[in-house]
Amino acid sequence: PEIMHLVNAVFESELYQPIFNTFAEHSTHLTHIPGWLRLLPLVESEQAEDNEIFFRNPLEQPRPEKSNPYLKEGELIAQTIQDLINDRCAIGQQEKAQPIHYGDIMVLIRSRRHVKQYEQALRQANIPYISNNKGTLLHCREIKDMVALLTVLHSPFNDIALATLLRSPIFNCTSQDLLFFHQTGKRKSWHNILMGIEAHDSERLNYAKEKITAWREVALHLPIHDLLDKIVFETHLMQRYADGFPPHLRERAQNNLTLFLSIALQVDSGRYPSLGRFLARLEHMRQVDASPDEATNANSTNAVRILTIHASKGLEAPVVFLADSCDAKNAKSKHYQTIVDWPQEQKTPTAFRLCPVKEYYDVSLRDLLQVIGRKEKVEDANLLYVALTRARQAVYISGTTLNGEAKGWYAAIQTYWPTEKQNQPTTGAPEPTKVPHIEITQENLPNLFDAANENLSTQVEDKEEDSQLRGIIIHRALELLTQGSNTKTSTSTNNAAVLRQLQNEFGATQQQNTEALYHEALNVIQHEPFKDYFQLADGTQYFNEIPLQSSQNNQSILGIIDRLIVTDNECIIIDYKTHNECAVERLADIAMSYHSQMTLYRQMTQKIWPEKNIQCHIVFTHYLQAITVTLDSAVERLQGNITL
């Protein structure tokens, strides 16, 4: 209710009513779940000072650190998150409340401009997180170390690359080791100094000299992938980086290194010595922003999610932080830019103009800019609405300001803060001025706490999330097991490969659970009454996890069908349900509760194959039961095209 009060107060205000004139007051039936709202203090950006230019010795005097307000904002968010975790803030209905963990929290940003500062703050606080890793592989610390290593082998007199390599976990040299080069000879190349070492006190420098010399020799003969594989093996590289990273980043670093090895195979198919060519390829990928995607942890359910607001559509979390909300997004000059007005429903643009300076505007251009300006305001309001409604229980608003003045969304939310409505008590909710907290004991939450478990707060899983993970694993297993058009050709070797892939995807901590759920999925496809679903005749089309998109009442609709079989005369829609704690006699009632969902699937499928008969079946994997859902013939038609 507290979140709905905020949404109503903001979008019913005189600021947003002209933009959102169709907004209707929101309410919720979840009055028994406690909620709260918080405006975090604004972080002020420090004014730049006109200091005199000075020179420094970089080996003896560190670079002055510049204050970054977005890093400070990230640190404030990280501290608030850690306080919630340490206080075991209660999430969920009061009678079934569980302590919060990192996976219950989502940080939303409008753009990725300052995401590095937010990520850095979470890393400094040792808070696990999942971020958008598109095109970031070559910017990762561990990959930069590998590039520095290859650069030293190819261009030995690159002192910066050598310093980077020596300080990396590959050799783990200290600052004192690097000062040795400065003390030995200021005018000498670091490479020559390193190669001239005979009996230095530092074993690390001697080890580096030995390995770099040996690798440079074999680099002349080995393909780049074989060279990297040799280095990884000889230095126990994966373990070195695992030891050098905090626990929640170790798997990501190791996966990134594996991805880097796979990139080496793309140069000459990994067949020829090609060190210079490989480095040139990496540099080209950087220059054209074609860096591969960074890896993520296979088992990362207990981590804070950092998402853009656009990427968060359709998702939700108990607690949401809206960061960088002071970005006012003031209208920028459009001089000499192309102005295009292209409505979504039109095949061609309605306007295409080159915008001159303001004194040369004509009437039609002014009208066009007003139309585009209104659309931008609507889009901005839509983004704010999406951000606020991603939270199930709590919203935190943070921002950064230059002169102490609140701007943008932060100012709007602060102005229309629902003080009166928030102070009205709701059923079962605690005092809204306090962070909800309940005392959890062994009696009211059995088997939750184990005195021997040091990582209690991060390992408590609620029943809802267990069910969700169970469904994800079973759906993935069924997808992999049914990739062949006829499961009669499935072999034990193929099935074993599927199990290994599942265990790799869901991590070692889920290994036993994954194997049990894999066998449940295998029982489904081997169940004799289900042979028509999985043992298909030659030439029969089938699709697994097929996304369908259409529109209804001018709103986009996305559906994902678990399995779709297309024969000469009919389409069979199969939807898997993984319930495992209900009475068998209730399965028919549960199946009918998905009537509207199956109706939507049928409408979408019918538009693609209008001449075929559509059947809808729900398969309960745990009970090996299939129930046909009979749909009404009179259904509302979907508008627009279906995207398959």
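# A walk through the predicted chain

In this predicted model, 73% of the contacts in the protein chain with a separation of 6 or more are accounted for by residues 24 or more positions apart. The secondary structure of the protein chain comes to 22 helices and 18 strands. Of the 644 residues in the protein chain, 46% are buried, and the area that the protein chain exposes is about 35,200 Å², with carbon and sulfur atoms supplying 49% of it.

A good place to begin is a pair of helices. Helix α2, which spans residues 69-86, and helix α3, which spans residues 115-124, have axes that come within 8 Å and cross at roughly 45°. That angle makes α2 oblique to α3, because a crossing counts as oblique when it is not under 35 degrees, not over 145 and not from 65 to 115. The crossing in which α2 passes α3 is right-handed. On the side of α2, the contact is made by Tyr-70, Leu-71, Glu-73, Gly-74, Glu-75, Ala-78 and Ile-81, and on the side of α3 by Gln-117, Tyr-118, Gln-120, Ala-121, Leu-122 and Gln-124. Sorted by character, the residues of this contact of α2 with α3 are seven nonpolar, four polar and two charged.

Staying with α3, one can ask which of its residues are buried. They are Val-115, Gln-117, Tyr-118, Glu-119, Ala-121 and Leu-122, and among them Gln-117, Tyr-118, Ala-121 and Leu-122 also belong to the contact with α2. The buried residues of α3 pack not just against α2 but also against three strands, namely β5 (105-109), β6 (129-130) and β7 (304-308).

The loops that come after these two helices each hold a residue with a positive phi. Arg-88 has its place in the loop between α2 and β3 (90-91), and its phi is near 50°, a positive value in a residue other than glycine. Arg-88 counts as partly exposed because its relative accessibility is 25%, which lies between the 20% under which a residue is buried and the 50% over which a residue is exposed. Asn-126, which follows α3, is placed in the loop between α3 and β6, and its phi, near 55°, is likewise a positive value in a residue other than glycine. With a relative accessibility of 48%, Asn-126 also counts as partly exposed.

Further along the chain, a second pair of helices can be followed in the same manner. Helix α10 (residues 237-244) and helix α11 (residues 247-264) pack at an angle of about 150°, and their axes are 8 Å apart. The crossing of α10 and α11 is right-handed. Leu-237, Met-238, Tyr-241 and Ala-242 of α10 make the contact together with Arg-250, Gln-254, Leu-257 and Thr-258 of α11, and the residues of this contact of α10 with α11 divide into five nonpolar, two polar and one charged.

The last stop is a single residue, Asn-494, which lies in helix α18 (residues 492-506). Is Asn-494 partly exposed or buried? Its relative accessibility is 42%, so Asn-494 counts as partly exposed. The C-alpha atom of Asn-494 is separated by 9.7 Å from that of Leu-480, a residue 14 residues apart from Asn-494 along the chain.

Technical notes. Residues numbered from 1 in each chain as written. Predicted model: local features only at pLDDT ≥ 70, side-chain atom pairs only at ≥ 80, totals over all residues. Heavy atoms only, no water. Axes fitted to C-alpha atoms, helices over the stretch in contact; angles between N-to-C directions. Helix = DSSP H or I, 4+ residues; strand = E, 2+ residues; numbered from the N terminus. Left-handed = near helix turned anticlockwise from the far one by under 90°. Contact = heavy atoms within 4.5 Å. Nonpolar A, V, L, I, M, F, W, Y, C, P; charged D, E, K, R; others polar. Buried < 20%, exposed > 50% of the residue type's maximum accessible area, 1.4 Å probe, protein only. Areas by Shrake-Rupley, 256 points an atom, 1.4 Å probe, with all protein chains shown as cover.
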